[in-house]
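Welcome, and please load the model in your viewer. We will go from one selection to the next and look at what each one holds.

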Amino acid sequence: MRGEHTYEVTATWTGDLGSGTSGYRDYVRAVTLEIEGKPAIHASADRPFRGDPAKWNPEDLLLAALAECHLLSYLHACVSEGVVVTRYSDTAVATMRLDGRGGGAFTEAVLRPRVVVAEPAMVDAAMRAHAQANAWCFIANSVAFPVRHEAEVTAE
């Protein structure tokens, strides 16, 4: 498949408490993310940045995008290799380092997929499929930090 795909999201700040951004503590970091035809996501900043810890934040969404992209790419790679996946879960973690000047960057993400395949003979191919999934993952190919994999594959 070749071509260019365009994605559009509307991000609307909903945290004006009446005086706009008159001061750092005078507004809420509430944001509504919308894509036509999909449920809205009510997001915020992360707690250390005066956000609502009950809502998704940009850092959560970036890690979620990496984990989901790998999962979907992995399932495709497994189909290509004749591997039947029956279960997949991932407890991913990412590290962000602040630069002390108000900015920062992610330094790495670690995906920890736990995969179950239909037969023991599929385990080796299922492990190899993680490398192919990483090569195919649009999100992993777009970030400027390493995305490591600590995969575990077992058979039913």
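Does Ala43 count as buried or exposed? Before you select Ala43, please keep in mind that this is a predicted model.

**Stop 1: Ala43**

Select Ala43, which you will find in strand β3. Its relative accessibility is 5%, and since the cut-off for buried is under 20%, Ala43 counts as buried. Now show what surrounds the residue. Setting aside neighbours within four places in sequence, the contacts of Ala43 are Arg29, Ala30, Val31, Leu33, Lys55 and Trp56. You can also draw a distance from Ala43 to Thr14: the C-alpha atoms lie 9.9 Å apart, while the two residues are separated by 29 positions in sequence.

**Stop 2: the whole chain**

Zoom out and switch to a cartoon view. You should be able to pick out two helices and nine strands. Followed from the N terminus, their order is β-β-β-α-β-β-β-β-α-β-β. The chain is more spread out than a compact globule, because its radius of gyration is 19 Å, well over the 15 Å that the globule rule gives for 156 residues. If you turn the model along its principal axes, the C-alpha atoms fill a box of roughly 65 × 35 × 30 Å.

Colouring by accessibility is a good next step. Of the 156 residues, 27% count as buried. The accessible surface of the chain comes to about 10,300 Å², and carbon and sulfur atoms hold 54% of that area. For those who like contact maps, consider the contacts with a separation of 6 or more: 53% of them join residues that are 24 or more positions apart.

**Stop 3: the largest pocket**

Next, turn on a pocket display. The largest pocket holds about 1,300 Å³ of space. It is lined by 25 residues, and a handy selection is the set closest to its centre: Tyr7, Lys38, Ala65, Glu68 and Ile139. Which elements give two or more residues to this lining? They are β2, at 31-34, and α1, at 58-81. Colour α1 separately, as this helix gives the most to the lining, with eight residues. Colouring by residue class shows 15 nonpolar, four polar and six charged residues around the largest pocket.

**Stop 4: the second largest pocket**

Move on to the second largest pocket, with a volume of about 150 Å³. To show its lining, select Phe49, Glu59, Met96, Leu98, Gly100, Arg101, Gly102, Gly103, Gly104, Ala105 and Phe106. Two or more of these lining residues come from each of β5 (93-98) and β6 (104-111). Strand β6 has the largest share, three residues. By class, the lining of the second largest pocket divides into five nonpolar, four polar and two charged residues.

**Stop 5: Arg50**

Finish with Arg50, in the loop between β3 (41-43) and α1. What is the phi of Arg50, which is not a glycine? A backbone torsion display will give a positive value of about 70 degrees. Arg50 has a relative accessible area of 39%, so it is partly exposed. For contrast, go back to Ala43 in β3, the buried residue where the tour began.

Terms used. Residues are numbered from 1 along each chain as its sequence is written. This is a predicted model: local features need pLDDT of at least 70, side-chain atom pairs count only at pLDDT 80 or more; totals for chains, interfaces and linings use all residues. Side-chain values use heavy atoms; hydrogens and water are left out. On a 1 Å grid over the protein atoms alone, a cavity is a set of points where a 1.4 Å probe fits but cannot get out, and a pocket is an open set with protein on both sides within 12 Å along at least five of seven lines; lining residues have an atom within 4 Å of a point. Grid points are joined across faces, edges and corners, and a volume is the space filled by probe spheres set on the points. Helices (H or I, at least four residues) and strands (E, at least two) are DSSP runs, numbered from the N terminus. Ala, Val, Leu, Ile, Met, Phe, Trp, Tyr, Cys and Pro count as nonpolar, Asp, Glu, Lys and Arg as charged, and the others, Gly among them, as polar. Buried means under 20% relative accessible area, exposed over 50%, partly exposed in between (1.4 Å probe, protein chains only). The radius of gyration is taken over C-alpha atoms; the globule rule is 2.2 Å times the number of residues to the power 0.38. Contact means heavy atoms within 4.5 Å. Accessible areas come from the Shrake-Rupley method with a 1.4 Å probe; for residues, only the protein chains shown count as cover.
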